[in-house]
Amino acid sequence: MKPVVFITRKLPEEVVLPLQEKFTVRMWKSESESVPRDILLKEVAEADALWSVIADRIDKEVFEAAKNLKVVSNLAVGFNNIDTEAAQSKGVIVTNTPGVLTNTTADLTFALLLATARKLIEAESELRKGNWKSWTPMDYTGMDVGGATIGIIGMGRIGEAVARRAMGFDMKVLYHNRSRKIEAEKAYGFEYAELDDLLIQSDFVVILAPFTPETKGLIGQCELALMKKTSVLINVARGGIVDEEALYDALKNNQIWAAGLDVFEVEPVDPNHPLLTLPNVTVLPHIGSASIRTRIGMMNLNANAIIDVLEGREPENRLV
């Protein structure tokens with residue numbers, strides 16, 4: 001009997017075909033809707049491999065239901081949706097998709113920074129509504145990016161890629177990370193800063209840290225109070241790193257100037273979320289890695305990892 005692979009979202013035929021040639025592949029019918037919990041538990045009970053997305057909660061209950069599961073391959077760099085301790089206790093390999101999305105996510109991060117700083121979404125919306133009647137001296141004015149100071153929280157591969165882009169805008173680059181990036185400091189002039197100092201000095205604070213127990217709620221009321229009134233917060237990491245209630249208060253009270261968010265604590269975000277009522281918030285639907293080439297590349301990494309594990313080889317990008 002062929003090993004069984006269950007895929008939790010409908011994926012393009014070309015990335016699924018290599019698996020179909022080797023294994024029995026079952027795939028949830030929808031590209032946009034999460035697989036229902038009862039179906040996930042039923043399918044994983046027979047699966048040898050599970051191909052998951054960041055919206056899937058792969059917790060202890062899932063691993064307890066699995067009888068033959070050997071690998072979970074997650075379509076993301078982040079893996080906070082997976083209980084890796086439960087996976088390890090059951091001897092299940094977990095893989096992710098780092099590297100391939102570095103430049104794409106860095107591009108999106110800088111695009112969101114620019115859009116937020118220069119009020120691009122607001123200006124475009126006003127034009128489409130017919131509200132642009134005449135040139136005025138101060139309408140749609142934003143913050144300069146060139147020559148400003150950017151503070152990057154989380155200086156991994158994506159953080160360094162964003163920092164290199166910032167150099168093209170003559171920005172001063174500060175960063176905060178668990179470990180110093182000495183080679184990057186020497187090569188590019190990036191400066192390490194303690195978190196409080198970074199928040200105090202930066203015109204743009206960009207969050208690119210992984211979501212961990214240590215980073216949960218990292219940016220809250222106290223941290224936001226350290227930022228300049230003219231500063232902009234950009235989050236392209238995970239929503240739970242920022243206290244959304246504290247951020248709402250800081251933005252509403254003009255404690256900071258604006259925020260650009262690609263992520264939220266609960267996704268998809270409720271259309272009635274308080275942050276969406278504020279004019280100084282630019283929002284995107286978690287599209288950091290959303291280019292055609294990158295998403296296909298991520299899927300190919302997942303497929304290859306599943307094939308490697310089911311054929312007895314060590315997969316790339318193994319987490320546990």
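Which residues in helix 5 meet which residues in helix 7? The views below come from a predicted model, and the first one takes up that question.

**View 1. Helix 5 and helix 7 pack against each other at about 50°.** Here we're looking at helix 5 (residues 102-117) and helix 7, whose axes sit 9 Å apart. With that angle between them, helix 5 is oblique to helix 7. The crossing is right-handed. On the helix 5 side, the contacts come from Thr102, Asn103, Thr105, Ala106, Asp107, Thr109 and Phe110. Their partners in helix 7 are Arg157, Ile158, Ala161, Val162, Arg165 and Ala166.

**View 2. Seven parallel strands make an open sheet.** Reading across, the 7 strands come in the order 8-7-6-9-10-11-12. Strand 8 (191-192) and strand 12 (281-283) are the edges, each pairing on one side only. At one end of that order, strand 7 (residues 172-176) and strand 8 run parallel and share 2 bridges, and tyrosine 175 stands opposite tyrosine 192 in strand 8. Helix 7 (residues 157-167) turns up again here, lying across strand 6 (149-153) and strand 7. Its direction makes about 175° with strand 6.

**View 3. Strand 10 pairs with strand 9.** Strand 9 (residues 204-207) and strand 10 are parallel, with 4 bridges between them. Isoleucine 207 stands opposite asparagine 235 in strand 10. Which way do the residues of strand 10 (residues 232-235) point? Val232 and Ile234 go one way, Leu233 and Asn235 the other, and all are buried.

**View 4. Ile152 is one of the residues that touch the most other members of the largest nonpolar core.** This core has 49 residues, and Trp51, Ile150 and Phe204 join Ile152 in touching the most other members. Helix 12 (residues 292-310) gives the most to this core, namely 7 residues. Leaving out residues up to four places away in sequence, isoleucine 152 touches Gly159, Val162, Ala163, Val173, Leu174, Tyr175, His176, Leu198, Val206 and Leu208. Apart from this core lies another, of 28 residues, including Ala193, Ile241, Leu251 and Leu261.

**View 5. Five parallel strands make another open sheet.** The order this time is 2-1-3-4-5, with strand 2 (24-27) and strand 5 (93-95) as the edge strands that pair on one side only. Going from one strand to the next, the twist averages 15°. Strand 3 (residues 49-53) and strand 4 (residues 71-75) pair in the parallel sense over 5 bridges, and alanine 49 stands opposite valine 71 in strand 4. Helix 12 packs on this sheet, touching strand 1, strand 3, strand 4 and strand 5. The direction of helix 12 makes about 175° with that of strand 4. Helix 1 (residues 13-20) lies across strand 1 (4-7), strand 2 and strand 3, and runs at about 145° to strand 2.

**View 6. Glutamate 33 sits in a loop.** The loop in question is the one between strand 2 and helix 2 (37-44). Is glutamate 33 buried or exposed? Its relative accessible area is 52%, so glutamate 33 counts as exposed, the cut-off being over 50%. Not counting residues up to four places away in sequence, glutamate 33 touches Arg9 and Trp28. Glutamate 126 is 93 residues away along the chain, and the C-alpha atoms of glutamate 33 and glutamate 126 are separated by 32 Å.

Conventions
Residues are numbered from 1 along each chain as its sequence is written. This is a predicted model: local features need pLDDT of at least 70, side-chain atom pairs count only at pLDDT 80 or more; totals for chains, interfaces and linings use all residues. Side-chain values use heavy atoms; hydrogens and water are left out. Two strands pair if DSSP finds at least two bridges between them. Contact means heavy atoms within 4.5 Å. Axes are lines fitted to C-alpha atoms, for helices over the stretch in contact, and angles run from 0 to 180 degrees between N-to-C directions. A nonpolar core is a set of buried Ala, Val, Leu, Ile, Met, Phe, Trp, Tyr and Cys residues joined through side-chain atoms within 4.5 Å. Buried means under 20% relative accessible area, exposed over 50%, partly exposed in between (1.4 Å probe, protein chains only). Angles under 35 degrees count as roughly parallel, over 145 as roughly antiparallel, 65 to 115 as roughly perpendicular and the rest as oblique. A crossing is left-handed if the near helix is turned anticlockwise from the far one by less than a right angle, and right-handed if clockwise.
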